[in-house]
Protein chains: 2
Amino acid sequence: MAGLTPSLENLIDKFAKLPSVGRKSAQRLAFYMLDSSDEEVNSFIESILNARSTVHRCNICCNYTDDEVCTICNSKERDRSVICVVEDPRDIIAFERTHEYNGLYHVLHGVISPMNDVNPEDICIKELIARLSDNEVKEIIMATNPTVEGEATSMYISKLIKPLGVNVSRLAYGMPVGADLEFTDEYTLVRAMEGRKDI
Amino acid sequence: MAGLTPSLENLIDKFAKLPSVGRKSAQRLAFYMLDSSDEEVNSFIESILNARSTVHRCNICCNYTDDEVCTICNSKERDRSVICVVEDPRDIIAFERTHEYNGLYHVLHGVISPMNDVNPEDICIKELIARLSDNEVKEIIMATNPTVEGEATSMYISKLIKPLGVNVSRLAYGMPVGADLEFTDEYTLVRAMEGRKDI
């Protein structure tokens, strides 16, 4: 593009590759990196490298942590009989924000997806199974995303776990709170009808 | 926040400080940085450092360039009698996208803003005046943003330039193409009325 130097184009390309960053935002971020002070840019880069060197997976639940075992797995106040299984560490943040769930978590780091060459052994399923050996866990709540792959992963895991005598449930499907019927897609409506409850 | 380690919190904070990155996107970007390969992250960091070390201001127009003088100032095909004055290098990209303007540019790198402690000597005004000494330039088009500060900067510069015998114009105000009269703000409508043309 006229008015852009190769190194700047390259930087914009790099930013545009990041998730949820469009071309316009990438441009803005690239120029911001040029306009910022050395101190700001260095501390930005340092925080990336620092996070990458200190953060790793919790030995128990595979969530990200700075220690051997994460704060949730370490907590004495958590109900150790329930494990909520999620795809991604960010899903834990979403659940924690509700302040309602007090059990443990397990992060799969992905879903089974033959199309993308992700097989069961590529995600943290064996780590989950290992946690069930001490008979402390009574229920597994599958909280994968309500997508085809999320569903399939959920089914796959529940078939592995049920023979071990652990109860497996999944999140309810239905209308999101505050949603508008008119704009709710038909799949969600069908699920909401199927899952209806007496009042 | 529960479920987040200090180094990850720090990285999210850093991303959230970038322009047009909200808290949710910052979280997403921080996790992306953790999930990416060493190679990807290193090439990302390298492109920031590389752009910062090679990109500097053009000796003539103050636009960003890898060379002494930018490609536009160096071009033989450009009309050297017109200079379009903009606030920011990104504005040049916008004009170049039109493929209609064939003159030169000058980047101020900001606007005069006493509130933010930005004085005339803090932006590239003297570099613009220096370009007018060889009598080649016949017209200056002020293309600062249509904000109070953009307008004031435009007025300030035009008062400096007019005594030098150079014509100074500014971009037209009016309805954006494709806009809806009903939703156009009153200031724009007043300017559109004032600037009306015979058809």
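In this predicted model, A:Arg23 forms a salt bridge with A:Glu9, with 3.9 Å between the closest N and O atoms; a salt bridge here is a side-chain nitrogen of Lys or Arg within 4 Å of a carboxyl oxygen of Asp or Glu. A:Arg23 lies in helix α2 (residues 23–35) of chain A and A:Glu9 in helix α1 (residues 6–16) of chain A, so the pair ties together parts that are 14 residues apart in sequence. Helices (H or I, at least four residues) and strands (E, at least two) are DSSP runs, numbered from the N terminus.

Because the model is predicted, local features need pLDDT of at least 70 and side-chain atom pairs count only at pLDDT 80 or more, while totals for chains, interfaces and linings use all residues. Residues are numbered from 1 along each chain as its sequence is written, chains are lettered from A and ligands numbered from 1 in the order in which they are written, and side-chain values use heavy atoms, with hydrogens and water left out.

**Confidence**

- The mean pLDDT of chain A is 90, and 98% of the residues score at least 70; pLDDT is the predictor's confidence in each residue, from 0 to 100.
- Among the elements of chain A, the highest mean pLDDT (96) belongs to strand β4 (residues 104–107) and the lowest (81) to helix α8 (residues 186–194).
- For the complex, the predictor gives an ipTM of 0.78 and a pTM of 0.77.

**Relation of the two chains**

- Chain A is superposed on chain B by a rotation of 180° with 0.1 Å of shift along its axis, at an RMSD of 0.2 Å; the fit is by least squares on the C-alpha atoms of residues with pLDDT of at least 70 in both copies.
- That is the relation of a two-fold axis.
- The C-alpha of chain A nearest the axis is that of A:Ile45, at 3.4 Å from it.
- Both copies use the same surface, as 100% of the contact residues of chain A recur in chain B; contact means heavy atoms within 4.5 Å.

**Aromatic pairs**

- The whole structure holds 10 aromatic pairs over all chains; rings of Phe, Tyr and Trp (its six-membered ring) pair if their centres lie within 6.5 Å, and planes under 30 degrees apart count as stacked, over 60 as edge-to-face and the rest as tilted.
- The ring centres of A:Phe15 and B:Phe44 are 5.2 Å apart and the planes stand at 80°, so the pair is edge-to-face.
- This pair crosses between chains, from helix α1 of chain A to helix α3 (residues 38–54) of chain B.
- A:Phe15 is buried at 0% relative accessibility, and B:Phe44 is buried at a relative accessible area of 3%; buried means under 20% relative accessible area, exposed over 50% and partly exposed in between (1.4 Å probe, protein chains only).
- A:Phe44 and B:Phe15 also have ring centres 5.2 Å apart and planes at 80°, so the pair is edge-to-face.
- A:Phe44 lies in helix α3 of chain A and B:Phe15 in helix α1 of chain B, so the pair joins two chains.
- A:Phe44 and B:Phe15 are buried.
- A:Phe95, A:Tyr101 and A:Tyr105 are linked into a cluster by ring pairs.

**Salt bridges**

- There are 14 salt bridges over all chains of the structure.
- A:Arg23 is partly exposed, with a relative accessible area of 39%, and belongs to a salt-bridge network with A:Glu9 and A:Asp13.
- A:Glu96 and A:Arg78 form a salt bridge whose closest N and O atoms are 2.5 Å apart.
- This pair links distant parts of the chain, with A:Glu96 in helix α5 (residues 89–98) and A:Arg78 in the loop between α4 (71–74) and β3 (82–86), 18 residues apart.
- Both A:Glu96 and A:Arg78 are buried.
- A:Arg90 meets A:Asp88 in a salt bridge of 3.1 Å, N to O; A:Arg90 is partly exposed at 27%, whereas A:Asp88 is buried at 18%.

**Helix α5 of chain B**

- B:Pro89, B:Asp91, B:Ile92, B:Ile93 and B:Glu96 are buried in this helix (residues 89–98).
- The buried residues of α5(B) pack against α2 of chain A, together with β2 (64–65), α4, β3 and β4 of chain B.
- B:Asp88 caps the N-terminal end of α5(B), with a side-chain oxygen 2.9 Å from the backbone nitrogen of B:Arg90.
- B:His99 follows α5(B) and has a positive phi, near 55°.

Terms used. Polar contact = N/O pair within 3.5 Å; in protein donor to acceptor, adjacent residues only side chain to side chain.
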